[in-house]
Amino acid sequence: MHNEPLEALFEEIADLLEITGEDAFRVNSYRRVARNIKNLTEDIAEVAARGGVADLPGVGKSTAAKIEQFLKSGKIDLHEELKAAVPRGLPDLLKIPGMGPKKVAHVWKELGVESVEDLKKVIADGRFAKLKGMGEKSVKQIAEGLEFAEKSSDRTPLGLAWPLAEELAEAMRRVKSVRRVEIGGSVRRGCETIGDLDLLCESDNGPAVVEAFTKLPQVRRILASGDTKGSIIVERRDGGEIQADCRVVPKASFGAALQYFTGSKEHNVRLRGIAVKKKWTLNEWGLFDGEKQIAGADEAGIYKKLGVPCVPPEMREDRGEFDVEGDVLDHLITVEDIRGDLHMHTRASDGTVDAATMAQAARDLGYEYIAITDHSRSSAQANGLSLDRMWRQIEHLRKLNEKHDSVAILVGCECDILADGTLDYPDTILAACDIVVASVHSAMRQEKGRITQRVLSAMENPFVTILGHPTGRLINRRAPMDLDIPAIITKAVETHTVLEINSSWQRLDLCDRYVRMARDARAMMSIDTDSHATAQLAQMKYGVATARRGWLSARSVLNAMPLAAMRRWIAKKRKNA
Ligand code: DGT
Ligand code: CA
Ligand code: CA
Ligand code: ZN
């Protein structure tokens with residue numbers, strides 16, 4: 001797929017143009033092209049092959065030529081020229097929350113800032129704050145953003161890492177002499193970000209397997225190539241890169257190696273401790289009583305022999321998993337438990353297809369029901385629906401539901417929680433919906449007491465079913481809101497309000513630790529994709545992985561309930577209206 005790197009390239013061109021002071025019209029035209037490429041359902045290379053590039057919305061002759069050049073050479077001249085005209089470290093500043101292209105240009109021209117290091121200096125010595133047009137608030141925000149950017153690493157989000165790991169595993173499965181391939185490490189544990197990919201191959205011919213691994217078409221660079229282990233750098237879908245390790249193990253040790261290289265390190269330390277107490281040793285080759293191997297060919301056999309439950313990978317974090325009751329493991333939520341998706345957008349607001357298309361895609365996934373939850377009127381940047389348009393949307397969705405008998409379409413909205421804690425739609429509209437997702441999209445930097453109170457008061461509304469992406473964080477890009485999470489969880493239980501696990505891999509919000517807290521408090525949760533296109537419905541597995549990391553059982557997931565039970569659950573809160 002060429003779309004994502006090309007989208008990123010056009011975005012970067014727009015950023016660089018803006019930094020160099022190009023007029024807004026030209027900058028925006030590149031941003032529009034980037035967005036259109038992102039929303040394509042077909043690979044841009046295929047569009048080009050059938051001569052369709054010039055017909056794409058917003059693409060004129062010169063842009064079409066740039067796309068053709070990219071497809072031929074992976075580069076665009078304008079991009080190269082712009083990069084040469086702007087200091088190398090400058091685009092990095094754009095990654096700092098609060099630093100848009102205009103501000104970057106400003107500090108570059110006025111203070112000679114050419115890198116993140118330079119920016120830190122001028123913030124520390126106070127010159128940044130004295131700059132014309134820099135409000136006290138934005139200086140504070142940028143200083144905080146800088147701190148966040150330092151902490152949020154270059155780890156790869158799960159949504160980019162997991163498909164890539166599967167692609168590599170699939171390729172290795174086709175290698176002769178490889179009998180079995182499994183993904184280990186943090187991907188198998190479903191962690192929200194990934195340091196590197198870990199693959200295990202069962203084979204008796206290590207060198208041949210390692211050689212095949214280092215010759216995969218995905219390889220950008222080879223880091224190491226030994227008799228039983230290879231390390232490579234592969235390209236990510238977004239143009240970035242990530243390391244992948246491949247280890248070759250014999251059949252008798254495959255389970256032990258899989259257990260060892262799945263981790264986490266902390267979980268493994270505990271497990272080894274349990275073995276030591278029995279006077280055994282556990283390592284990546286097996287479980288041993290003296291010289292004798294007593295387990296190791298399969299993973300479950302090791303746990304069994306040690307007398308502890310076979311903990312699912314997502315729970316292997318040394319968070320009490322060895323003392324877990326069997327019941328927790330029996331009911332741990334799976335993707336198959338999911339019966340519907342309760343948060344998604346259509347073309348009516350900022351989605352890419354209409355509700356009928358979404359319903360069709362949901363049916364193909366085997367869902368019983370979906371809720372269409374487009375944005376409310378204050379989300380202007382997301383084309384939120386005015387009162388008028390929302391009334392018509394309700395009517396439209398009701399009719400559509402009557403026509404569709406294979407998937408129940410619930411009428412919903414994603415209603416903004418405004419800065420003062422009131423809701424963006426009057427109760428008349430909310431009452432006319434079957435389901436309401438309430439979310440914060442603005443004024444996210446209010447201080448803790450205020451923003452918590454704001455969310456709590458929205459949860460009091462009897463028509464608010466689900467609190468959407470509760471903390472508002474974007475992984476590696478935006479810090480969570482400063483919320484009192486225990487207070488939110490308590491209120492959720494008290495008011496019969498559902499807490500969302502937003503499955504979009506950019507969000508995964510609530511995160512695993514908060515899911516665990518909510519679960520322990522017996523709050524109800526929903527796992528939704530917040531899809532803006534049909535393909536995004538498949539992101540459900542990231543939310544489910546997060547739920548499993550929070551030990552969530554299917555019984556505490558609203559959209560694991562059959563339709564009628566789910567409706568009853570929603571109705572219970574509404575009775576208080
Ligand atoms: P990552 O890659 O940072 O997202 O996290 P992991 O968990 O995939 O870590 P990684 O790739 O360094 O190692 C994979 C697994 O191998 C890790 O979860 C546990 C195991 N492992 C690696 N190094 C050690 C070690 O020094 N001691 C122990 N007990 N286990 C280790
Ligand atoms: Ca790893
Ligand atoms: Ca590794
Ligand atoms: Zn939202």
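Which residue bridges the calcium ion (ligand 2) and the calcium ion (ligand 3)? To find the answer in this predicted model, select both ions together with D196: this residue forms the bridge, and the two ions lie 3.7 Å apart.

**First stop: the calcium ion (ligand 2)**

Keep D196 displayed and add D198. The calcium ion (ligand 2) is coordinated by the O and OD atoms of D196 and by OD of D198, at 2.2 to 2.5 Å. Next, display the angles at the ion. Six donor atoms surround the calcium ion (ligand 2), and the angles they subtend run from 70 to 169°, which makes the arrangement irregular. For orientation, six octahedral donors would ideally give angles of 90 or 180 degrees.

A surface representation may be switched on at this point. D196 is partly exposed, with a relative accessible area of 23%. D198 has a relative accessible area of 11% and is therefore buried, the limit being under 20%.

**Second stop: ligand 1**

D196 also leads to the next selection, as it is among the closest residues to ligand 1. The others named as closest are R155, S186, G195 and R272, and 16 residues surround the ligand. By character, this shell divides into three nonpolar, seven polar and six charged residues.

Three arginine side chains merit individual selection:

- R155: a polar side-chain atom lies 2.8 Å from an oxygen atom of ligand 1.
- R189: an N or O atom of the side chain is 2.9 Å from an oxygen atom of the ligand.
- R272: here the partner is a nitrogen atom of ligand 1, 2.7 Å from an N or O atom of the side chain.

Ligand 1 has 590 Å² of accessible area on its own, and the protein covers 71% of it. To view the surrounding elements, colour α12 (185-188), β4 (196-202), α14 (254-262) and α15 (265-277), each of which gives two or more residues to the shell.

**Third stop: the zinc ion (ligand 4)**

Now centre the view on the zinc ion (ligand 4) and select E414, H441 and H469. The ion is coordinated by OE of E414 and by NE2 of both H441 and H469, at 2.0 to 2.3 Å. Along the sequence, these donor residues follow the spacing E-x26-H-x27-H. E414 belongs to strand β13 (residues 408-416), whereas H441 is in the loop between β14 (435-439) and α21 (448-460); the pair, 27 residues apart, links distant parts of the chain.

Are these two donors buried or exposed? E414 counts as buried, at 1% relative accessibility, while H441 is partly exposed, with a relative accessible area of 23%.

Methods: Residues numbered from 1 in each chain as written. Chains lettered and ligands numbered in written order. Predicted model: local features only at pLDDT ≥ 70, side-chain atom pairs only at ≥ 80, totals over all residues. Heavy atoms only, no water. Donors = N, O, S within 2.8 Å, 3.2 Å for Na, K, Ca; no water. Tetrahedral: all angles 85-135°; square planar, octahedral: opposite > 155°, others 65-115°. Buried < 20%, exposed > 50% of the residue type's maximum accessible area, 1.4 Å probe, protein only. Helix = DSSP H or I, 4+ residues; strand = E, 2+ residues; numbered from the N terminus. Near = heavy atom within 4 Å. Polar contact = N/O pair within 3.5 Å; in protein donor to acceptor, adjacent residues only side chain to side chain. Areas by Shrake-Rupley, 256 points an atom, 1.4 Å probe, with all protein chains shown as cover. Nonpolar A, V, L, I, M, F, W, Y, C, P; charged D, E, K, R; others polar.
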